[in-house]
Amino acid sequence: MSEEATAVAEYSAEAKELGDKIANMTLKQAKELSDYLKDEHGIEPASGGGAVMVAAGDGGGAAAAVEQTEFDVVLTSFGDKKLNVVKVVKNITGASLMEAKKMVEGVPATLKEGVSKEDAEKVKAEVEEAGGSVELK
């Protein structure tokens, strides 16, 4: 089947509003929601972390989010100080100067995978200080 033949999903305003609210939750709020769904509705998140969608008995949907403990650090932009960002990426990843340059020029690029929040925040601060932009996933 070609991509053109693939149907575009339509979402109700209620689903969009709920989805947007869940996507914008803080980790604390997500943990509270997870606990609420477990205690009040018996819905538990699947192992593996992240937001998990679980079908409810009435055919609707409910979401449970667990607190994320591992993060990927993704470079999203090098700003106007590419050389500084390349140097920081080289130090963070242990890559050669050429490999670091290719990573920076090929954004988005994952700099670290499965690191703690503390380590992810440290890497993010280093890259942002050099002029780049980072996203934690």
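Colleague: What makes β3 and β5 count as paired strands?
Modeller: Two strands are taken to pair if DSSP finds at least two bridges between them, and β3 and β5 are joined over 4 bridges in the antiparallel sense, so the requirement is met. Within β5, glutamate 135 is the bridge partner of valine 74. The elements themselves are DSSP runs numbered from the N terminus, where a helix is H or I over at least four residues and a strand is E over at least two. This is a predicted model, in which local features need pLDDT of at least 70 and side-chain atom pairs count only at pLDDT 80 or more, whereas totals for chains, interfaces and linings use all residues. Residues are numbered from 1 along each chain as its sequence is written, and side-chain values use heavy atoms, with hydrogens and water left out.

Colleague: How do you know that β3 pairs with β4?
Modeller: Strand β3, residues 71–77, is joined to β4 by 4 bridges, and the two strands run antiparallel. In β4, alanine 109 is the bridge partner of leucine 75, while lysine 112 stands opposite valine 73.

Colleague: Why are β4 and β5 described as standing at the edges?
Modeller: The open sheet has 3 strands in the order β4-β3-β5, with antiparallel pairing. Both β4 (109–115) and β5 (133–136) have a single partner strand, so one side of each is left without a neighbour in the sheet. From one strand to the next, the twist averages 25°.

Colleague: Which helix lies across β3, β4 and β5?
Modeller: Helix α5 does, and α5 runs at about 165° to β5.

Colleague: Why are α3 and α5 called roughly antiparallel?
Modeller: Helix α3 (residues 82–93) and helix α5 (residues 117–130) pack at an angle of about 160°, with their axes 8 Å apart. Angles run from 0 to 180 degrees between N-to-C directions, and the axes are lines fitted to C-alpha atoms, for helices over the stretch in contact. Under 35 degrees counts as roughly parallel, over 145 as roughly antiparallel, 65 to 115 as roughly perpendicular and the rest as oblique, so α3 and α5 are roughly antiparallel to each other. Their crossing is right-handed, a term for a near helix turned clockwise from the far one by less than a right angle, anticlockwise being left-handed.

Colleague: Which residues of α3 and α5 meet?
Modeller: With contact defined as heavy atoms within 4.5 Å, Asn84, Val85, Val88 and Ile92 in α3 meet Val123, Glu126, Val127 and Ala130 in α5. By class, this contact has 6 nonpolar, 1 polar and 1 charged residues, where Ala, Val, Leu, Ile, Met, Phe, Trp, Tyr, Cys and Pro count as nonpolar, Asp, Glu, Lys and Arg as charged, and the others, Gly among them, as polar.

Colleague: What makes up the contact of α3 with α4, by class?
Modeller: Helices α3 and α4 pack at an angle of about 115°, with their axes 8 Å apart, and α3 passes α4 in a right-handed crossing. Among the residues in contact are Val85, Val89 and Lys90 of α3 and Leu97, Met103 and Glu105 of α4. The contact as a whole has 7 nonpolar, 1 polar and 4 charged residues.

Colleague: Where is proline 108 found, and what is omega for the peptide bond that joins valine 107 to proline 108?
Modeller: Proline 108 is in the loop between α4 (97–105) and β4. The bond is cis, with omega about 0°.
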